[in-house]
Each structure stands twice: as C-alpha cells, then as structure tokens.
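Please open the model in a viewer and follow the selections below in order. Each stop names what to select and then describes what is found there.

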Amino acid sequence: MILTGTEILREHKRHKIKIDPFDPARATTNSYDLTLGHDFIRYREALIDPRKDNAYDKFAVGAEGLQLVQGDFVLGHSAETIGSDHYVPLIHAKSGIARLGLFVHVTADIIDIGSHGHVTFQLHSTLPIRLYPGMAIAQVTFWKPKGKIVLYDGRYQGSRGPRASEVHRDFVRSASSESDVSMTGRDPSDSPRAKRRSR
Amino acid sequence: MILTGSEIARKREAGRITIEPYSASHLNPNSYDFRLGTQLGVPVFKNGFLEFDIVDLPVDGYALRPRTMYLGHTLEKLGSDTYAMRLVGRSSLGRLGLFLQVSADLGHTGACHQWTLEIVAALPFKIYPKMRIGQISFWENLGTPDAYEQRYSAFNAPTPSSLGTRARDT
C-alpha cells in the first residue's frame, strides 16, 4: 500500500517518516516533492569499470545552474535528508522533469528501509537541459512493508551531497576467485562512517 | 505491500518464492540482489532487421557502448506464484549510469525463469558475468492472480522481443 499525502504529513509529525527541511506544501496527493541540491559529481573515466574506484570530479553549482548536454550523466543530490524506519521510500521523477527527457535515477528507485540521508540523483539527460539548485526535480513515495523489518546499515548511510558508487568494494572479497566475482558477504567496511576517498 | 528481506527469506522457505541459486547474503532490507548471467545479446542490424547476436561474457569483462541496448539475463531463476515482482537496478550501479530495464520493471505473478534484462549504459561501461547487478522486490496481490502463461515465461537465455521487429533503417 502506498501512503497518501495526508498520511505522509501525519507520519512525519509522528517521526515515522523523516524529511528535513520539511515543507507541508510539498506534499502531493501520493508523494512528497524533493528539490535539487548544489553539489554534483561527474566521472572522469573513458570506461566505467565497476571493479575499480572510478575517478570523478565533485563541484558546486550556484544560481546560474548546470548545463547538461544530450546524453550527459552526472550525480546530484536532494537538498532534503529523507528516510524512514517504517516505510519503504521509492524515488520518481516529477512528470514535468520527465517530459523534458531527464532521468533522475537509473532504474534504482528503491531506498532501503532504515536508510537516512540525502538522496543521490542519477541524472541522465536525453535532451540538452539546464538544472538549477532548489528546483523541485523528484518525488518520493512511501510504501508499507510486510514482514519483520531489518534496518539498512550499508555503505551509503548518512549521505550528505551526492555519493559516487562504491560497488568496487563488492569485488574485493572474491578477488581470488576467478569464476565468481560476486560478493559472498557484506563488506566489513560497510559501516555508516566508512572512509571516503574523493579524488 | 512490499515484502521485507526477512519476509522474502521466509516465503522462499515456504515455497512461495523461487530464487535459485540463493544466498542469504544477497538479502537487502526490502529486496534481493540478483546476479548477471553469462550471456549477452548484442544488437545488430542485418538487412534492415534488428537481431541480437548471443555472446558469452568473458570473465575479464565486456565493454558496453553507451546509449545502446543489450539484452542480458539474470543468473538466478526468479519467480513467484503468490507475489508480483519488480526488477530494478542497484543504486551502486545506477550511480555509474547502468540501466537494467527500459521502463519495464513489472514481473507478473506466476512467471518463474531467468529474467531478460534490457541493459543500457549512459557511459561506456564494463560488465562482468555473475556480478551482482540488480535487485528484485516482491509485492502482495489484492485479488486472485491468474497463472501467467505468456510468451516469455519459459525463456531463460536473453530473449529478444516477440513483437514483429522491423527497423525502418539503421
């Protein structure tokens, strides 16, 4: 079941949904609008290889905005910190943004229950577009889970600003196994405060 | 309602969900991480017709050209007669610009097979066979589901569209 806007307001008041800063006017019929933050990440690699720590530039953008060319890919972030220990958030583009050909996530819409932080937007433009910090770009819906809840305690917990992928850490553990490159257990460094390297 | 990770494990034990092969370490708070299979469908135009050449993914990786669609498949057999499913990407790979489907995220109740993935990379991207690539979530139905017996339900390799596909030109 999906929460209505009025239920999002109620559950926010009861601290079962956290959104900060919070503006009741941003609640819609079935969702809450998220706005674009100032910081962005752009990868510098000629070939993205999930086995390695892909190099990127992190930069801030002012009121002039950020011009994306057709086919661009950058990471942005929500200005809001969001999360819930009681509901599963899903991220969607605002339809007005989608109608301009911009993806705000790359088929990764689910946020784990118990994950709190800025949402990293995976921005892929199918047409040239200029983005401005503060614009309402995405919306979050909240869904009722069934079953015992085990809260997220993963590598992106507590994110501030856009967070680049850390998927290369999946591959570390099984580096000795040629036939199976998948991770067989959680990386022990998967703690909320794991070290960050920004290159 | 969406099942939590612990509920996915419970319902799998009860035979209501199929995930094969299965590893408890792939459970997330509200989904299960699946892996990429070993074959890839590479799009080619032959005499104006779209076809997919099926290749085996090398262990040391395969470089995808950006903004082209390839057909992949899940390593696991995934399905349920009880729940509807959604196949989505992992945020760790979405953060690198890898799409796993082209706005077709719904898995019907009753389907059980290795799922075909529509893989599109926003940037040049290297994929590896058996890498943890996406996640599946399970959703409770309201109403009695019909058994799903449509065109793709028996297929395990990357399966091209069964719509008559004629490209206007390349």
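Two residues are in contact if their C-beta atoms, placed from the backbone, lie within 7 Å. The model is a predicted one, and the tour begins with a single residue to which this criterion applies.

**Stop 1: a loop residue in chain A**

Select Val61(A), which lies in the loop that connects strand E4 (56-60) to strand E5 (66-68) of chain A. Which residues is Val61(A) in contact with, leaving aside its neighbours within four places in sequence? They are His38(A), Phe40(A), Leu66(A) and Pro133(A); display these four side chains together with Val61(A).

Is Val61(A) buried or exposed? Neither term applies, because 17 other C-beta atoms lie within 10 Å of Val61(A), and burial requires 20 or more while exposure requires 12 or fewer. Val61(A) is therefore classed as partly exposed.

Add Gly96(A) to the selection and draw a distance between the C-alpha atoms. Gly96(A) and Val61(A) are separated by 35 residues in sequence and by 22 Å in space, C-alpha to C-alpha.

**Stop 2: a three-stranded sheet in chain A**

Now select strands E2, E11 and E7 of chain A, which form an open sheet in the order E2-E11-E7 with antiparallel pairing. Strand E2 (32-35) and strand E7 (88-93) are the edge strands of this sheet, each pairing on one side only. From one strand to the next, the twist averages 35°.

Restrict the view to E7(A) and strand E11 (residues 136-143) of chain A. These two run antiparallel and are joined by six bridges. To locate one point of this pairing, select Ala93(A) and its bridge partner in E11(A), Ala138(A). While the strands are in view, a general point may help with side-chain display: in a regular strand the side chains alternate between the two faces of the sheet.

**Stop 3: chain A as a whole**

Select all of chain A, which has three helices and twelve strands. Of its 199 residues, 39% count as buried. Among contacts in chain A with a separation of 6 or more, 73% are between residues 24 or more positions apart.

Colour chain A by pLDDT. The mean is 89, and 86% of the residues reach 70 or more. Residues 175-199 of chain A have a pLDDT below 50, although in the model this stretch has 37 contacts beyond near neighbours in sequence.

**Stop 4: the contact between the chains**

Show both chains and select the residues that meet. How many residues does each chain bring to the contact? Chain A contributes 48 residues and chain B contributes 43 residues. On the side of chain A that touches chain B, strand E6 (73-83), strand E9 (117-125) and strand E12 (145-146) of chain A each supply at least two residues. E9(A) gives the most, with three residues. Colouring this side of chain A by class gives 24 nonpolar, 13 polar and eleven charged residues.

Next, centre on E12(A) and strand E1 (residues 2-3) of chain B. Two bridges join these strands, which run parallel. Select Lys146(A) to find one of the positions involved: its bridge partner in E1(B) is Leu3(B).

**Stop 5: a three-stranded sheet in chain B**

Hide chain A and select strands E2, E8 and E12 of chain B. They form an open sheet in the order E2-E8-E12, with antiparallel pairing. The edges are strand E2 (17-20) and strand E12 (112-113) of chain B, each of which pairs on one side only.

Take E2(B) together with strand E8 (residues 77-80) of chain B: four bridges join them, and they run antiparallel. Two pairs can be picked out here. Glu20(B) has Lys77(B) as its bridge partner in E8(B), and Ile17(B) has Ser80(B). Then move to E8(B) and E12(B), which run antiparallel and are joined by two bridges. Here, select Leu78(B), which stands opposite His113(B) in E12(B).

**Stop 6: chain B as a whole**

Finally, select all of chain B, whose secondary structure comes to two helices and 15 strands. Its C-alpha atoms fill a box of roughly 50 × 35 × 25 Å along the principal axes. The radius of gyration of chain B is 16 Å, which agrees with the value near 15 Å for a compact globule with 170 residues. Buried residues make up 45% of chain B. Of the contacts in chain B between residues at least 6 apart in sequence, 77% join residues at least 24 apart.

Notes:
Residues numbered from 1 in each chain as written. Chains lettered and ligands numbered in written order. Predicted model: local features only at pLDDT ≥ 70, side-chain atom pairs only at ≥ 80, totals over all residues. Pairing = 2+ DSSP bridges. Axes fitted to C-alpha atoms, helices over the stretch in contact; angles between N-to-C directions. Nonpolar A, V, L, I, M, F, W, Y, C, P; charged D, E, K, R; others polar. Rg over C-alpha atoms; globule rule 2.2 N^0.38 Å. pLDDT = per-residue confidence, 0-100.
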